[in-house]
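Me: Please take a close look at the charged and aromatic side-chain pairs in this model. I should like one connected account of which residues pair, where they lie and how accessible they are.

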Amino acid sequence: MAGTIHPFHQQWTPAPGAPAPAAAVPPPPPVPGVPGAPDAAAAAAAAAGRPDEVRTIFITGLPTDVKERELHNLLRWLPGFEASQINFKGDQPMGFALFSSAHHAIAAKAALQDLVFDAETKTALHTEMAKKNLFVKRGVGNDANAMDQSKRLRTGGDYTHSPYAAPPYHPPPPAVSMWGTPGYIAAPPPYNHYAAYSVPPVAMTSPSPVPGPTAYAPVQNTKDNPPCNTLFIGNLGETVIEEELRSLFSVQPGYKQMKVLRQDRNTVCFIEFEDVNAASAVHHNLQGAVIPSSGRGGMRIQYPLFAQ
């Protein structure tokens, strides 16, 4: 009889002219590690007919002694941040950061590019999009709160119940291309964490000019040594006053210390500066300067041989 279930085939046969039943909708795929829970991002991507988008960035340029907490504290305030992890290839650390969307990952990649991570080593970060997403391990065994200690992930966490309000976020302006339309050609300016706090202006006074000698006299300085950060002052008389020398050289940029040596019939002076550039500037600008208490004309400035 039409419309009944056959006792052997157990298959329902519709009656002639009856409408066909609707196809059954398959259930969404479960999330790995959580039985029975659907993955919303994967389901939305499958419904749109595209694979899951890459929303993980790859970070290099980290110092060798970097800690996961340091990377996490850097990334936690970026919009859309979800988790971070550091892997080591030999002694070189490599960081991975997962964001809630590809848009947030691209914005974080631009914000972190060439950022100086460590002020001591002057290392700058280099970022690029990862080839696949970072896998966040939900738990180990039956304990959902247990974490795999071999590869511990630092996640953004839930700050909705925190008694402290999060700092205000100021999104950077959209990048503008050479045609005047928004795009990714120009990188956004670096994010300023202190933009929400008003800082009173501080009056800056211009430095006073460095006093120079009152007169110059020609000197013979044909046998000089290679430049260094120490200067030898010669052609000084026995009556030269040390404070007069100190008042002239101590105001020069890069000055560190001065030593006057008085001999039987001659007086010499050694002056140390912070670097060769500071010493070279004084060597050029004060060559032949006249010290009134010296009584021998212009002083001769040379690079000492022992300082090489």
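**Paired side chains**

Reply: At 30% relative accessibility, E242 counts as partly exposed. In this predicted model, E242 is the partner of R246 in a salt bridge whose closest N and O atoms are 2.8 Å apart. R246 is likewise assigned to the partly exposed class, with a relative accessible area of 25%. Both residues belong to helix 4 (residues 242–249), where they are four residues apart, about one turn of the helix.

A search of the whole structure finds three salt bridges. Another of them joins E272 and K256, with 3.7 Å between the closest N and O atoms. E272 lies in strand 12 and K256 in strand 11 (residues 255–262), so this salt bridge ties together parts that are 16 residues apart in sequence. K256 has a relative accessibility of 48% and is therefore partly exposed, since that class ends where exposed begins, at over 50%.

R55 and E82 also meet through their side chains in a salt bridge, at 3.3 Å from N to O. The pair links distant parts of the chain, 27 residues apart: R55 is in the loop between helix 1 (40–47) and strand 3 (56–60), while E82 is in strand 4. The two partners fall on either side of the 20% limit below which a residue is buried: R55, at 15% relative accessibility, counts as buried, whereas E82, at 32%, counts as partly exposed.

Strand 4 also takes part in an aromatic contact, since F81 lies in strand 4 (residues 81–89). The structure holds four aromatic pairs. In one of them, the ring centres of F81 and F99 are 6.0 Å apart and the planes stand at 70°, so the arrangement is edge-to-face. Because F99 lies in strand 5 (residues 92–99), the pair ties together parts that are 18 residues apart in sequence. Both partners are buried: F81 has 10% relative accessibility, and F99 has a relative accessible area of 0%.

Another aromatic pair consists of F232 and F270, with ring centres 5.4 Å apart and planes at 55°, so the pair is tilted. F232 in strand 10 (residues 230–236) and F270 in strand 12 (residues 267–273) are 38 residues apart, and their pairing links distant parts of the chain. F232 is buried, its relative accessible area being 17%. Strand 12 thus contributes F270 to this aromatic pair and E272 to the salt bridge with K256.

Key: Residues are numbered from 1 along each chain as its sequence is written. This is a predicted model: local features need pLDDT of at least 70, side-chain atom pairs count only at pLDDT 80 or more; totals for chains, interfaces and linings use all residues. Side-chain values use heavy atoms; hydrogens and water are left out. Rings of Phe, Tyr and Trp (its six-membered ring) pair if their centres lie within 6.5 Å; planes under 30 degrees apart count as stacked, over 60 as edge-to-face and the rest as tilted. Helices (H or I, at least four residues) and strands (E, at least two) are DSSP runs, numbered from the N terminus. Buried means under 20% relative accessible area, exposed over 50%, partly exposed in between (1.4 Å probe, protein chains only). A salt bridge is a side-chain nitrogen of Lys or Arg within 4 Å of a carboxyl oxygen of Asp or Glu.
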